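Me: I'm new to this structure and would like to learn how to read it. Could you walk me through it step by step?

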Amino acid sequence: MRKLVVTAFVTADGVMQAPGGPDEDRDGGFAHGGWAVPFIGERVLELMLEFTRGAGALLLGRKTYEEFAATWPLADDPFGNLMNGLPKFVASRTLTEVGWRNCTLLRGDAAGAVAELKRGDGGDIQVHGSSDLVQTLLAHDLVDEFQLLVFPVVIGSGKRLFGSGAGPGALELTHTERLPRGGLLQRYRRAGGLECGAMGPETGNW
């Protein structure tokens, strides 16, 4: 069984939309594209290379695929070579073909196709960006781990990592690292259902 790992840049209030540039994703009139750029230094680039080296395949939504496919095939560096060489699966209801090397188009029901991928052999399947696809994966309980780079900004609107369909559940923090420009790496894995309780002097939780 393959693990599915979501890797995302996230604001302190949970927004993951368009971290890398003004035109990355303007859905909903989003006007803050590129908000993560001031925090992306050498250590963040090292981490992204480390994460991607640990992937057996990438899973991308249509918008992220189009952004990546316009950039990485032209790159001639260690990260570009890695991105181009990895198997890539693209979940889309609108694309009819994918031209980037080592890409496979997943047509129709994305949740069912991803569940089938997870049952196969191979290393971890990593999702980079792809905020709309992430909501589908969360709604169908398909995400096993999260690699989050959280940056100290608040935007107040935009697509959030955990939308209304995510559902209740517990996470276990497996690693944390303070980043040089003020961000924080947080790694989580799923840890069962949500547990609730009560606070107060009579309960001992005070």
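**Reading the fold, one feature at a time**

Reply: Happily! Let's begin with a helix and its surroundings: the buried residues of α2 are covered by, among others, β2 (57-61), α3 (78-85), β3 (88-91), β4 (103-106) and β5 (125-128). Keep in mind that this is a predicted model.

Me: Which residues of helix α2 are the buried ones?

Reply: A residue is called buried when its relative accessible area is under 20%. In α2, which spans residues 62-69, the buried residues are T64, Y65 and F68. Their arc around the axis is only 105 degrees, so they sit on the same side of α2.

Me: Which residues are buried in helix α5?

Reply: Read α5 (residues 131-139) in the same way: S131, L133, V134, L137 and L138 are buried there. These residues cover an arc of only 150 degrees around the axis, which puts them on the same side of α5.

Me: What do the buried residues of α5 pack against?

Reply: Here you look for contacts, meaning heavy atoms within 4.5 Å. The partners are the strands β1 (4-11), β2, β3, β5 and β6 (145-151), together with the helix α4 (110-118).

Me: Let me step back. How many helices and strands does the protein chain have?

Reply: Counting elements gives a first outline: the chain has 5 helices and 8 strands. Their order along the sequence is β-α-β-α-α-β-β-α-β-α-β-β-β. The radius of gyration is 18 Å, close to the 17 Å that the globule rule gives for 206 residues, so the chain is as compact as a globular protein of that length.

Me: What box do the C-alpha atoms fill, and what share of the residues is buried?

Reply: Along the principal axes, the box is roughly 65 × 40 × 35 Å. Of the 206 residues, 45% are buried. For the outside, look at the accessible surface: it comes to about 10,800 Å², and carbon and sulfur atoms account for 52% of it.

Me: What percentage of contacts join residues at least 24 apart?

Reply: To read this, take the contacts between residues at least 6 apart in sequence; 68% of them join residues at least 24 apart.

Me: How far apart are the mean positions of the positive and negative charges?

Reply: You average the places of each kind of charge and compare the two. For the 20 positive and 25 negative charges of this chain, the mean positions are 2 Å apart.

Me: Which residues does T174 touch?

Reply: Leaving out residues up to four places away in sequence, T174 touches R187, Y188 and R189. T174 lies in strand β7 (residues 171-178). Its C-alpha is 5.5 Å from that of Y188, although the two residues are 14 apart in sequence. With a relative accessible area of 40%, T174 is partly exposed.

Me: Where are N102 and S130, and what is the value of phi in each?

Reply: Phi is a backbone angle, and its sign is worth checking. N102, in the loop between β3 and β4, has a positive phi near 65 degrees and is not a glycine. S130, in the loop between β5 and α5, also is not a glycine, and its positive phi is near 55 degrees.

Me: Is each of them buried or partly exposed?

Reply: N102 is partly exposed, with a relative accessible area of 37%, whereas S130 is buried, at 6%. One more residue to look up is D141, which follows α5 and has a positive phi near 55 degrees.

Notes:
Residues numbered from 1 in each chain as written. Predicted model: local features only at pLDDT ≥ 70, side-chain atom pairs only at ≥ 80, totals over all residues. Heavy atoms only, no water. Buried < 20%, exposed > 50% of the residue type's maximum accessible area, 1.4 Å probe, protein only. Helix = DSSP H or I, 4+ residues; strand = E, 2+ residues; numbered from the N terminus. Arc of directions from axis to C-beta. Rg over C-alpha atoms; globule rule 2.2 N^0.38 Å. Areas by Shrake-Rupley, 256 points an atom, 1.4 Å probe, with all protein chains shown as cover. Lys, Arg positive; Asp, Glu negative; His and termini not counted. Charge placed at Lys NZ, Arg CZ, Asp CG, Glu CD.
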